[in-house]
Amino acid sequence: MIKPVTLKRKAGPKRPPPALRWPPDEDRVEAIFERLAAVMPDPKTELTFSSPYTLVVAVALSAQATDVSVNKATAKLFAVADTPAKMLALGEEGLIPFIASIGLFRGKARNVIALSRIVLERHGGAVPLNRADLQALPGVGRKTASVVLNELGIEAAIAVDTHVFRVSHRLGLANAGTPDKVEAQLFRVVPEHWLPKAHHWLILHGRYTCTARKPKCGGCVISDVCPSRAGLMAAGEAA
């Protein structure tokens, strides 16, 4: 588990909080990612996988579920079925007991078996590592494909999940109302040299520091460049 650590900053003269507007100031965006990189130099997914295939399956299973719950299920599942052929041999009814603890498990079992068949029959058993073919797999939408391509270093993609959506809005990196539009805004404002890891930094920051309830503003390394901190603190919504 990769958890951000607190980076102590020297006290300096008080400055007015940054304004919550879009597009954000370029220097502030640079500061945000520079500091996140300092506390999380090598961020990675917290899903457990050993191959592109197991990564695709794990990410597909993680929709509306926690990484912890998925890892618990796949630890036993991948011990017996870590390839498309083995998964097909297991079958939908054989797969269900392994993932029954995960939300929407019946639909996910159907998708995993269907995508395994396509990978085996159309791609020779190797997961296609391009966006078009990935998104054509059952249960693999744009967000799942982005996670896979980013994690494997194929594409500097940003998958906008609930954490990325929330953090992006609080930091003023985006103000759009849908994940696709937030993704487009992030690609406009995040400097190119930060893009390969921006996805993980925003997710992990949202998961452990800028949480939905009681964000930990007091120990946040970017609180002084966050336009939402003052409002959250004043409303008693932050720690």
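Buried here means under 20% relative accessible area and exposed means over 50%, with partly exposed in between. Keep that scale handy while you click around this predicted model.

**Stop 1: E155 and R131.** Start by selecting E155, which is partly exposed because its relative accessible area is 32%. Now add R131: their side chains meet in a salt bridge, 2.8 Å from N to O. E155 sits in the loop between α7 and α8 and R131 in helix α6, so the pair ties together parts that are 24 residues apart in sequence. R131 has 16% relative accessibility, so R131 counts as buried.

**Stop 2: R142 and E183.** Next, pick R142 in helix α7 and E183 in helix α9 (residues 179-189); the pair links distant parts of the chain, 41 residues apart. This is another salt bridge between side chains, again listed at 2.8 Å, N to O. Is E183 buried or exposed? At 8% relative accessibility, E183 counts as buried, whereas R142, at 37%, counts as partly exposed.

**Stop 3: E46, D67 and R207.** Select these three together, since they are linked in a network of salt bridges. Zoom in on R207 and E46, where the closest N and O atoms are 2.5 Å apart. R207 lies in helix α10 and E46 in the loop between α1 (26-39) and α2, so this salt bridge ties together parts that are 161 residues apart in sequence. Colour by accessibility and you'll find R207 partly exposed, with a relative accessible area of 25%, while E46 is buried at 15%. If you'd like to hunt for others afterwards, the structure holds seven salt bridges.

**Stop 4: α8 against α10.** R207 also takes part in a helix-helix contact, so stay with α10 for a moment. Show helix α8 (residues 162-170) and helix α10 (residues 195-208) as cartoons: their axes come within 8 Å and cross at roughly 85 degrees. Angles of 65 to 115 degrees count as roughly perpendicular, and α8 and α10 are therefore roughly perpendicular to each other. For the side chains, select H163, V164, R166, V167 and S168 on the α8 side, then H199, L202, I203, H205, G206 and R207 on the α10 side. Sorted by class, this contact has four nonpolar, five polar and two charged residues.

**Stop 5: helix α2.** Now turn to residues 52-61. How many of the 10 residues of helix α2 are buried? Nine of them are, so α2 is largely enclosed by the rest of the structure. To light them up, select Y53, T54, L55, V56, V57, A58, V59, A60 and L61. What do the buried residues of α2 pack against? Bring in α3 (67-80), α4 (84-99), α5 (105-122), α6 (131-135) and α7 (142-151), and you have the helices they pack against.

**Stop 6: the cysteines.** Finish with C210, C217 and C226 in sticks. A disulfide is a covalent bond between the sulfur atoms of two cysteines. The structure holds zero disulfides. C210 is in none, and its nearest cysteine sulfur, that of C226, is 6.2 Å away. C217 is likewise in no disulfide; there, too, the nearest cysteine sulfur belongs to C226, at 6.3 Å. With 10% relative accessibility, C210 counts as buried, and C217, at 9%, counts as buried as well.

Definitions and conventions:
Residues numbered from 1 in each chain as written. Predicted model: local features only at pLDDT ≥ 70, side-chain atom pairs only at ≥ 80, totals over all residues. Heavy atoms only, no water. Axes fitted to C-alpha atoms, helices over the stretch in contact; angles between N-to-C directions. Helix = DSSP H or I, 4+ residues; strand = E, 2+ residues; numbered from the N terminus. Parallel < 35°, antiparallel > 145°, perpendicular 65-115°, else oblique. Contact = heavy atoms within 4.5 Å. Nonpolar A, V, L, I, M, F, W, Y, C, P; charged D, E, K, R; others polar. Buried < 20%, exposed > 50% of the residue type's maximum accessible area, 1.4 Å probe, protein only. Disulfide = S-S within 2.5 Å. Salt bridge = Lys/Arg side-chain N within 4 Å of Asp/Glu carboxyl O.
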